[in-house]
Amino acid sequence: MHRRDFLKYSAILGAYSALPLWSRAAFAADRPTLPIPPLLLPDAKNSIQLVMESGKTTFGPHQANTYGYNGSLLGPAVKLKQGTSVTVDMFNRLPESTTVHWHGLEIPGEVDGGPQGVIPAGGKRSVTFTPHQPAATCWFHPHSHGQTGRQVAMGLGGLVLINDAESDMLRIPSQWGVDDIPLIIQDKRFTPQGQVDYQLDVMTAAVGWFGDTLLCNGAIYPQHANPKGWLRLRLLNGCNARSLNITTSDNRPLYVIASDGGFLSEPIKVSSLEMLMGERFEVMVATHDAKPFDIVTLPVKQMGMTVAPFDKPVPVVRIQPLAIPGSGELPDKLVTLPALPDYSGVTERKLHLMMNPELDRLGMQMLMDKYGMQAMAGMHHGNMGGMNHGNMGDMDHGNMAGMNHGNMAGMNHGAMGGMHHGSMHGMGHGQQAGEFDLHNANSINGQPFDMHRPAFAVAKGQLEKWVISGVGDMMLHPFHIHGTQFRILSENGKPVAPHRQGFKDTVKVDGGVSEVLVRFDYDAPQQHAYMAHCHLLEHEDTGMMLGFTVS
Ligand SMILES: [Cu+2]
């Protein structure tokens, strides 16, 4: 914390102790205080240290073994300056190997920390890079081959804050932990013994790992006191598989000021904000009335993610404004966002995200067996009830996307279990039903991830249009591309919402087709190919990922 910030913070705490007792009691009650990740700035030699370590963390009634960076859970907020080089020394004190991926950073493949950037247990790795991209809130997390979901669930994840001269001129709230606060939102589930209850099985490989406990910066429904006025929230959906729909408990609007790759040209007012896994948004919210309210996440239509308590709005954090006023403002204009470049005639690549239909079927069945119809709310109603087994062989993926769900209740599991394998062959996956490898059951263009075989080579500095399709299943696939901040041309078959028209590294693919305009300005050689993958971590871990080179 800068000395100046510390003084301001002390002033706020002073004001807090001057509050009438009843209001202090209201604040202090039984709710934990929102933990604020400490800022980690490069030292005089422009280097920072990250230590991956294990420890114990208390989550309500549970005390769980967890992983963290420089601590037992999550990690610091690494603060970097545009144009200034940094060396990150990473020490792995975990009992297993891991990698550190810089999500959202435009840096060379060699330092990007994909699955090839292995740091063995007890080992060390140093990377040096210079961010040249605009100011943004990014993050870092493990990207271990087949292990990413579990390592993130264990607690590994931290923020990266990039500053630049243009955004430093903005008079938006910028006192870290006071009126500029990060909200890392994640769900977890625990065993009866209180440990993180993680499995990679048919169900989670199909719908993802989801929990029943919502955490904000690692705490359950914490509270934060801020000076009344404008409050800036740096939101990260750090869930393995759960999409969020963020709003306020008293319907006060959110003003989106930044997306994954940096500031928008002007604030966009929204009443609620869908956030996919891995995505960041910065929003401002007015608290001039000094009335307390909650940031909440609304129910979403996503397979498996409607199980209680997420069938109702779930509070993320309580905001408790103080009597003293803050100084940040909401500007009319933010930064100059470059216009979309002319992309006529650029190279076009088609990526089809695919799930093994047998995995899809068995995953759905396990989900329904475990949680009942409530879990299926993401599916649309209709044709499945009329489905007959004989016809399944004729079903093609296009039709599956249109499949609807209310009628699934009428479906007989026993009968499905007895479905003839032969009839599945018509589905055109070239894979025998019932004989699939869970760890390679998801794919892109029919190819599960192969670390040693990059899928294609991209020319450095050249614009490309990537057409990403999820036609064929009913799953949400937030598609993330390393080494770039792209612009979305169309999203899941629809025009792009205004607050998603800025720089992004993740695009929504949910049964439809999305188009993005990408460019890569750094090298990614074969040994350190960039990754492009679904950010539903269990899809990523079971094959829905590819590597590509840039030169
Ligand atoms: Cu996916």
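Which residues is Leu298 in contact with, leaving aside its neighbours within four places in sequence? I began my notebook with this question and worked outwards from there.

**Entry 1: Leu298**

I noted beforehand that this is a predicted model. With the sequence neighbours left aside, I found Leu298 in contact with Asn245, Thr247, Ser272 and Pro313. Leu298 sits in the loop between β20 (293-297) and β21 (314-325). I then checked one of the contacts by distance. Asn245 is 53 residues from Leu298 in sequence, yet their C-alpha atoms are 5.2 Å apart. Is Leu298 buried or exposed? I counted 15 other C-beta atoms within 10 Å of Leu298, so it is partly exposed; a buried residue would need 20 or more.

**Entry 2: the loop between β20 and β21**

I stayed in this loop, since Pro309 is also placed there. The peptide bond leading from Ala308 to Pro309 is cis, and its omega is near 5°. I wrote a reminder that most peptide bonds are trans.

**Entry 3: positive phi values**

I looked at backbone angles next. Ala290, in the loop between β19 (280-286) and β20, has a phi near 60°, which is positive although the residue is not glycine. Ala290 counts as partly exposed because it has 16 C-beta neighbours inside 10 Å. Asn445 is another non-glycine residue with a positive phi, of about 55°. Asn445 belongs to the loop between β23 and β24. Having 14 other C-beta atoms within 10 Å, Asn445 is partly exposed. Most residues other than glycine have a negative phi.

**Entry 4: Met451**

The loop between β23 (442-444) and β24 (456-458) also holds Met451. What does Met451 touch, not counting residues up to four places away in sequence? I listed Pro115, Gln116, His145 and Gly547. His145 is 306 residues from Met451 along the chain, and their C-alpha atoms are separated by 8.5 Å. Met451 has 15 other C-beta atoms within 10 Å, so I entered it as partly exposed.

**Entry 5: the chain as a whole**

I stepped back to the totals. The chain has 551 residues, and 48% of them count as buried. Its secondary structure comes to eleven helices and 31 strands. Among contacts with a separation of 6 or more, 80% are between residues 24 or more positions apart.

**Entry 6: the largest nonpolar core**

How many residues does the largest nonpolar core have? I read off 127 residues, and those with the most contacts inside it are Val160, Leu183, Ile185, Leu235, Ile257 and Val283. Domain 1 (3-325) and domain 2 (357-435) both contribute residues, so the core lies between them. I picked out Leu235 for a closer look. Neighbours within four places in sequence aside, Leu235 is in contact with Leu183, Ile185, Ile246, Met275, Arg280, Phe281 and Val283.

**Entry 7: strand β8**

Why is strand β8 (residues 136-141) described as largely enclosed by the rest of the structure? Six of its six residues are buried, so the description follows. I sorted these residues by face. Ala136, Cys138 and Phe140 are buried on one side, and Thr137, Trp139 and His141 are buried on the other. In a regular strand the side chains alternate between the two faces of the sheet.

Then I looked up the partners of β8. Strand β6 (residues 101-103) pairs with β8 in the antiparallel sense over three bridges, and His103 stands opposite Trp139. Strand β9 (residues 158-163) is antiparallel to β8 and joined to it by five bridges. Ala136 has Ile162 in β9 as its bridge partner.

**Entry 8: a four-stranded sheet**

In what order do the strands of the open sheet of four strands run? I wrote down β3-β2-β5-β7, with mixed pairing. The edge strands, β3 (62-69) and β7 (124-129), each pair on one side only. From one strand to the next the twist averages 20°. Strand β5 (residues 86-92) runs antiparallel to β7, and six bridges join the two. One bridge partner I noted for Thr87 is Thr128 in β7.

**Entry 9: helix α6**

My last entry is on helix α6 (residues 357-371). The helix has 15 residues and reaches 21 Å from its first C-alpha to its last, close to the 21 Å expected at 1.5 Å a residue. Its buried residues include Leu359, Leu362, Gly363 and Leu367. Just after α6, Gly372 takes a positive phi of about 75°.

Methods: Residues are numbered from 1 along each chain as its sequence is written. This is a predicted model: local features need pLDDT of at least 70, side-chain atom pairs count only at pLDDT 80 or more; totals for chains, interfaces and linings use all residues. A nonpolar core is a set of buried Ala, Val, Leu, Ile, Met, Phe, Trp, Tyr and Cys residues joined through C-beta atoms within 7 Å. A residue is buried if 20 or more other C-beta atoms lie within 10 Å of its own, exposed if 12 or fewer, and partly exposed in between; C-beta atoms are placed from the backbone. Domain bounds come from an automatic or database domain assignment. Two residues are in contact if their C-beta atoms, placed from the backbone, lie within 7 Å. Two strands pair if DSSP finds at least two bridges between them. Axes are lines fitted to C-alpha atoms, for helices over the stretch in contact, and angles run from 0 to 180 degrees between N-to-C directions. The expected span of a helix is 1.5 Å times one less than its number of residues.
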